[in-house]
Amino acid sequence: MSTTSFPEGFVWGVSTSAFQIEGATSADGRGPSVWDVFSADRAEACDHYHRHSEDVRLMKDLGMAAYRFSVSWPRIFPEGSGKVNEAGLDFYDRLVDELLAAGIAPYATLYHWDLPQALEMIGGWPVRDTARRFADYAAAVHDRLGDRVDTWFTLNEPWVAAFLGYGSGVHAPGRKSAADAFRSAHHMLLAHGLATQALRSAGATRVGPVLNISPVMTPAQVSELGRELSEEDAEAVARIDALANRQFLEPMLRGSYPAELLPIIERHGGLEHIHDGDLDTIAQPVDLLGVNYYTPLVVQAQPSETADPAFPGSAGVLFCTVPTAVTAMGWPIVPNCLSLLLGRLSREYPGLDLMVTENGADFVDTVTADGIHDVDRISFIEEHLRALSSAVADGARVRGYLVWTLLDNLEWSDGYQRKFGLVHVDFATQRRRLKDSALWYRDVIRRNGLAETRPKRPTLETVAARAGVSRATVSRVVNGEAAVSADVRTAVMRAVKELGYVPNAAARSLVTRRTNAIALVLSVPRQGDSLTAAVVQYVTSMLEGAGKQITLMLADTAESHRRIVQQAEARLVDGVVLLPPDRSDTLAERLSRTGVPIVLLGKPAVTSLVPYVDVDNAGGAETATQHLLARGRRRIGMICGPMDLVSVQDRLAGHRAALHRAGLQPLLALADLTRASGAAAGRQLLGDDPGLDAIFAATDQLAIGALQAAREAGRRVPEDLAIVGFDDIDAASATTPGLTTVRVPLADQALALARLLLSRLEGRHTTSVVLPTRLVVREST
Ligand code: FCB
């Protein structure tokens, strides 16, 4: 079979981190870390502290050449500094010996976010001394392990530790201060430099940092990489690149901060913490740069946007969602960004050795009697490896690839729900089970490459043909049903074995009547409604990510309703996502009576017990109207879309409520969902009331129509007439002047919908979800 192969000596392995797998948080004198204090989840994790031998054996069986683990600082210095806890070092001593005996190279990361709580108590990373304590700790670990560990990573993803830990506060220690975040980042850089010096002077020869580097691009560039940018977008992209990537790359590899970053740091608490000489210390020669890549950062210029707390200095930049396939984490899957970023690093830092130290994906796994068939994870890794290989072909010096991660584990603030492992862990029993991705990765390692096409699994049909029986019979045999003769059973099992058949959900479904299929039921899409299509696309990709098969069904006639209900009654689907029709209609109720779990996208026209996901339409309209009032507008017209749409009714209600409080009467004009009808309604409003000073449109497409009507009537926006739209942020950013709009979270809606359905499938009690909207102010008001 022809393969995509990798350079000789290319290193294959996995990465993990101490807090996420070790557990045993008070064993052998370990002190608390900031994560013990911050995390709401129980800390046993994978109990790797006690089960490391089993885990090393697993890695050996899979053929791993390298294992990147992190050392837990509070095991070594329970008090943060002072006396070394030898018992803590003993653990890593044993681990390293076992790895070496298994032929696996140990790669040690010194800091993967578990700062000793004792150091946080005296100031944490915003305090300079923490950097010096880190260098002492690095030296102590090297002292014990340096004779056997030859690859040392100083810090893992300092951006995350500094800006999520001290900026947005979603990670430990949960502080929220832009100034602290920048100070932390600088002290982490310094810690890297001091630790590198300490390691080198103790004899280490291969030392480097691990950075999470995210290519930064606009939504348009996600589909067309070479796309030219407007000046504003180019500035937004460069600024976020400086904050996320170059803030770390350039001090470490060039000995200076990016020029545009310094004024930003200065504005957030000053520059006093950056001492003379620091940058020389930070810029120690790096032997190997570890690169963690998961997903790009997608942004565009958006003057009204306030700064994201994880990116202080990002005011005027909108972080966008893009309609691509996503993992269960909601992270867009964009493999070619990995080649892009490896190519960029190789060009900008020629001669630097690179290693992909983390890449992998969270997908919902289904444990079946015959294994965990995590095909999405396999595809994810495979596509990224193809991207990596093309970067290598173009000259990037990539020395290896480490999957994140070996085991399902404790994913920081997200707890145990995230499944990034090649190996499944049952947290009740700590039993480990190899997923298909682990076996597939073993084969990649064996052949040092990818097969041209992934071998197709033999199907139920092939087994049935080989054994000369029906598909139903094969299904009965593999499901252990009794009513099959011994001869037939033997014949089927022989065929199963010879063909290497892995029974899948479809085979079982013939017996268990679970189909794994989800019906996505749509009413006829309205012309002009692109948002629903986007949400549907996201939901589909998420549910497919969770291993479901999606069947689209159109609910446009009474006959089609009958057919859909019948399919649910016959259990041809496990669950239904329904876009409730606009008019009062009983499809949702009829479907829910079949007992099949069902969820709705959008609040239904008739009150129902079926849970739905929607955005706060009334609240959004109220805020938009209040904004116009606050700008001094008094004669405000509203362009309503079709009044049978529940979302339009709610937007009208919110608009009325705000006017009512201001003692004003609504002025309404009706439209459908098209721009042309928005223009017509705009003309009508302007004609009816020459003193009109604002228009609130129920959608952005209608608002764009209103812009056109204003232009025709010679009215200047916003001087004579202010205009606000709703819900289509992309369309609203493409107009001149840019439209003020109410932004609705597309991807979040889809995520909530997928989660709601999955919980219903598990039989959990669920309630409706209403997501907040947000006013984005631009030039049109
Ligand atoms: C990276 C972290 C790692 C894990 C993955 C999903 O940012 O380094 O610990 O959380 O993301």
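User: Which helix does histidine 142 lie in?
Analyst: Keep in mind that we're looking at a predicted model. Find the stretch covering residues 129-145, and you'll see histidine 142 sitting in it. That stretch is helix H7.

User: Is histidine 142 buried or exposed?
Analyst: To count as buried, a residue needs under 20% relative accessible area. Histidine 142 comes in at 8%, so it counts as buried.

User: What is histidine 142 in contact with, leaving aside its neighbours within four places in sequence?
Analyst: Skip the sequence neighbours and look at what else touches the side of this residue we just placed in helix H7. The contacts of histidine 142 are then Trp152, Leu199, Ala202, Gly203 and Ala204.

User: Why is the sulfur of cysteine 320 too far for a bond with the closest cysteine sulfur?
Analyst: A disulfide needs two cysteine sulfur atoms within 2.5 Å. For cysteine 320, the closest cysteine sulfur belongs to cysteine 337, and that's too far because the gap is 14 Å.

User: How many disulfides does the structure hold?
Analyst: We've just seen that cysteine 320 is too far from cysteine 337 for a bond. For the structure as a whole, the number of disulfides is zero.

User: Arginine 778 is buried, so which side chain of opposite charge is nearest, given the 20% cut-off for buried?
Analyst: A salt bridge would need the charged atoms within 4 Å. Arginine 778 has no salt bridge, as the nearest side chain of opposite charge is 5.7 Å away. That side chain belongs to glutamate 779.

User: Which side chain joins that of arginine 778 in a polar contact of 2.5 Å?
Analyst: Arginine 778 also reaches the backbone oxygen of leucine 739 at 2.5 Å, but that's backbone. The side-chain partner is glutamine 302.

Definitions and conventions:
Residues are numbered from 1 along each chain as its sequence is written. This is a predicted model: local features need pLDDT of at least 70, side-chain atom pairs count only at pLDDT 80 or more; totals for chains, interfaces and linings use all residues. Side-chain values use heavy atoms; hydrogens and water are left out. Buried means under 20% relative accessible area, exposed over 50%, partly exposed in between (1.4 Å probe, protein chains only). Lys and Arg count as positive and Asp and Glu as negative; His and the chain ends are not counted. A polar contact is a pair of N or O atoms within 3.5 Å; within protein, one must be able to donate a hydrogen and the other to accept it, and residues adjacent in sequence count only if both atoms are side-chain atoms. Helices (H or I, at least four residues) and strands (E, at least two) are DSSP runs, numbered from the N terminus. Contact means heavy atoms within 4.5 Å.
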